[in-house]
Amino acid sequence: MAPGPSRGPRGSLWLWAALALALSGCLASLPELECPEECECHYFRINWVTDCSEGNLTDIPNDNMSLSVYILNMNGNNVTTWPTFPADMKLRRLQAADNHVQRVTKDMFQGLGYLIDVDLSGNSITAVDPESFKDSPGLLTVELQNNPIGLEPVDGPFLHSQTLLYLDLSDCNFTRLSTQFFSGISALNRLDLSGNPLAELRPAVLDPLASLEHLKLNRCNLTSLSERAFSKQEHLKTLELAGNRLTDVDWVAVLQPLVRLEHLDLRASRVTYLPEDVFANNIWIRSLILAENELRDLDVATTLGHNLRHLDHLDLSNCHLRGPLSEDAFANATRLRSLLLSGNRLSASDLAVALAPLSKLQRLSLRNCSLHRLPDNTFHRFSELQELDLSNNPLQDAFTSLLSPLETLERLDMGYSNLGYISRTTFSKMTALKTLVLSGNPLNTLESGLFQNLTHLETLELNNCGLVRAINPVVFDNATYSDLRELRLAGNPLKVTADSGPLLPSQLCKVRVLDLSNCNLTVLPADAFNTTQNITRLLLGGNRISSPVASDRGLPFLEHLPNVELLDLTYNNLSRLSPAVFRKNHQLTTLKLVGNPWQCDCSIAELWEWALNWRGDLGLLAGSTITPEDTVAGAAKRRRTLACSFHPKTSPLSEFSRSWKRGREFTHTVNRTWAKYVRESGCEPSKTLVSARFARDVAAVDLDDVEADAVPLLEDVEVGADNEQPSAGRRRGARAAPQEPVVARPSAARAPGASVGTVAAVGVVALVALIVAAGAIASVASRAAARQKQDAAGGLGLHGAGAAVAADAHGLEVGSLEKMKHL
């Protein structure tokens, strides 16, 4: 087939510019929606989120709230009740935890036909109308934990919902439950009643819940269980009864109906005796937790019986086991893969005999078992052992003969075992080891060549070892540890100055995760990570790193971390920071800055604008938006948010915010969330970020190549207040805003109340700017082609020509054409 006509650089770039323009239309498919003045709004995946959390609000701000809001977050306010939501609101998830709601009524949820999840935990609710959710036919989750609901007796059905699957009533002060309590929610699959002082669980209370699969009754002060307590729960898979006082229970009768039980947790329930073959009818149990009970005379062999053929995990930690374990203790549990014996005073010699039948064991914990030594043959039968925990034992030394049989071991924890010295031959045969934990041992120095045979080591933890130097190169000999990806050095009093040089030896050049938290660091040298430029996660929280005098030139060590994706600077002494310090960190997706003494000034607004407009993801700033973890049932309600210290006389505040506040009570609080301050600030947007953002959208320009004195592409493009365009993550209101330069964006959405002429004018400006930029790109490409011809004899080629004219392109990176083709 004959090749088609070739296109020159100018024609190809015009084509890609046209495709970029078309792509901008696609991005506009997620329009900016209405947002209340007091809230911050953004997209979570493709769903519109209205975040009004921790705003000291007393009402739900229905004014200017979009009817298409998917998640409404009102956590941490002072709301006591709210009027009926507007008709046709498509709200799916309502989060109103940690407020002051006292009663739940049907008027509060009237018309919410799309509602799926409701979180009212941590309020002052004393009564719930059973018909509260009658207008929500698809309701799946209700969280009411930490409310004093149980102070008023509930004699009839608690709720009516045919679709409800998950109900959390933990810590609600219930002292009794009637037989009708669950009759209106028979489809329930998960139920949490933990933390209620029930004292007893009477017959027939749970009978309506025949579909129940997961039940939590932890910390309920239960002293007895009816023999018929679970008579209808034949589908139950998970039962948790931890933290009770079950000293007098007929366990055989109670457990007999639970023929499908897979997980049983009796931790810390004062169980002192379990009869022989107590689990005779529970043959599918895979996980059995008996930890923290007074089972001094437990006969492990007779208790486990012959029926637990599928038992995979057994936890006997801190059971005060008395006397040696018999040689047949685990003879009927040969399929065990995980055994936890931590916290029991065990005899080293008898332990080796008792563990002998467990040839399939993969995880063994002997933590804090008062073991001074172990016989040489203790682990020789464990050909499949992968995890071994010997931490918190006074071993005083690590013996080669003890560990040498563990050639399949992948994780070894010998932390806090008073190891002052470790021989270089200790790990000589453990070539499969992937994780080694030596934290908490006084290892002021490490033996030369100590890790030389651990060529597959992936994680090394040396936290709190008293190290004053990160790692001495001689410890790793001359080998390159290509598999070592994670190094934990937290809590060591490292002595680092601005002239210390690289922190880690070149042998660790492949390290991806480095933890230097709480290491008393005040400064890091510019070349601190010259030898470890592959780091993707750098944890520097809990140190004393402070803001540099020139905030745009601070933290120079970041220039040598081009691959860093997560940077943790929480709880340092940073008060201001310029986004210019991240000009080399193009892969950065998570920046943790919570817990610093930030000052509310324009550097805050600039960081916010950088994340939002340049990087295109406000979620990059951890604590600024809702994360997937915040939407999970049972998750922590108060997330750590970014806050700054607001000073009315020194913190910039826009005239719009001042005029809006005029005539109202304007209380200047000590702290402001970043979201709130950015809305109120009078800071001008950075023209450098504006021009860089636009150039990136067209031709993938690198931020670090855009010089501070470069002429902004859009510096002359301005419109008045009537032409203001909304931007994701900021307030959308009907009030007129002060005049600000318009930031050109591919997803230009019409602001509420804007005229057609306004939107058209902005669209024309954006279109003209795109055409001008495309022409500039074509011009640069033409010069590149000409330079290619001139340098052909010298063998530069197209790639060299593009590099030669990069300066003329004001930062257009080599290969941008290929990037646009990928786009």
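**Entry 1: the cysteines**

I began with the order of the links, and I noted that the disulfides of the chain follow the pattern 1-3, 2-4, 5-7, 6-8, where the bonded cysteines are counted along the chain. I reminded myself that the model I am reading is a predicted one, and that a disulfide is a covalent bond between the sulfur atoms of two cysteines. How many disulfides does the count come to? By the distance rule for sulfur atoms, the count comes to 4 disulfides.

**Entry 2: Cys35 with Cys41**

I looked up Cys35 and found that it forms a disulfide with Cys41, with the two sulfur atoms 2.0 Å apart. The torsion about the S-S bond of Cys35 and Cys41 is about 85°, so I wrote this disulfide down as right-handed. I then checked the accessibility of the two residues, and both Cys35 and Cys41 are buried.

**Entry 3: Cys39 with Cys52**

I went on to Cys39, which forms a disulfide with Cys52, and here the sulfur atoms are 1.9 Å apart. Which parts of the chain does this pair tie together? Cys39 lies in the loop between helix H1 (9-27) and strand S1 (40-44), while Cys52 lies in the loop between strand S2 (47-51) and strand S3 (71-73), so the pair ties together parts that are 13 residues apart in sequence. The link of Cys39 and Cys52 is right-handed, with 100° about the S-S bond. Is Cys52 buried or exposed? Its relative accessible area is 2%, and because buried means under 20%, Cys52 is buried; Cys39, at 0% relative accessibility, counts as buried.

**Entry 4: Cys602 with Cys683**

I then turned to Cys602, which a disulfide joins to Cys683, with an S to S distance of 2.1 Å. This pair links distant parts of the chain, 81 residues apart, with Cys602 in helix H6 (residues 602-614) and Cys683 in the loop between helix H8 (674-680) and helix H9 (687-699). With -90° about the S-S bond, the link of Cys602 and Cys683 is left-handed. I compared the two ends of the link: Cys602 is partly exposed, with a relative accessible area of 34%, whereas Cys683 is buried, with a relative accessible area of 12%.

I also looked up two further cysteines, and I noted that Cys172 is buried at a relative accessible area of 0% and that Cys220 counts as buried at 0% relative accessibility.

**Entry 5: the aromatic rings**

I moved on to the rings, and I noted that the structure holds 13 aromatic pairs. One of them is formed by Phe158 and Phe174, with 6.3 Å centre to centre and 85° between the planes, and this pair is edge-to-face. Phe158 lies in the loop between strand S8 (141-143) and strand S9 (166-168), and Phe174 lies in the loop between S9 and strand S10 (190-192), so the pair ties together parts that are 16 residues apart in sequence. Phe158 is buried, with a relative accessible area of 2%, and Phe174 is buried, with a relative accessible area of 2%.

How are the rings of Phe379 and Phe382 set against each other? Their centres lie 6.2 Å apart and their planes stand at 45°, so I recorded the pair as tilted. I added that Phe379 and Phe382 are buried.

I found that Trp82, Phe85, Phe109 and Phe133 form one aromatic cluster. My last note concerns Arg672, which lies over the face of Phe646 at 4.2 Å from the ring centre.

Key:
Residues numbered from 1 in each chain as written. Predicted model: local features only at pLDDT ≥ 70, side-chain atom pairs only at ≥ 80, totals over all residues. Heavy atoms only, no water. Phe/Tyr/Trp six-rings, centres within 6.5 Å; stacked < 30°, edge-to-face > 60°. Helix = DSSP H or I, 4+ residues; strand = E, 2+ residues; numbered from the N terminus. Buried < 20%, exposed > 50% of the residue type's maximum accessible area, 1.4 Å probe, protein only. Lys NZ or Arg CZ within 6 Å of the ring centre and 35° of its normal. Disulfide = S-S within 2.5 Å.
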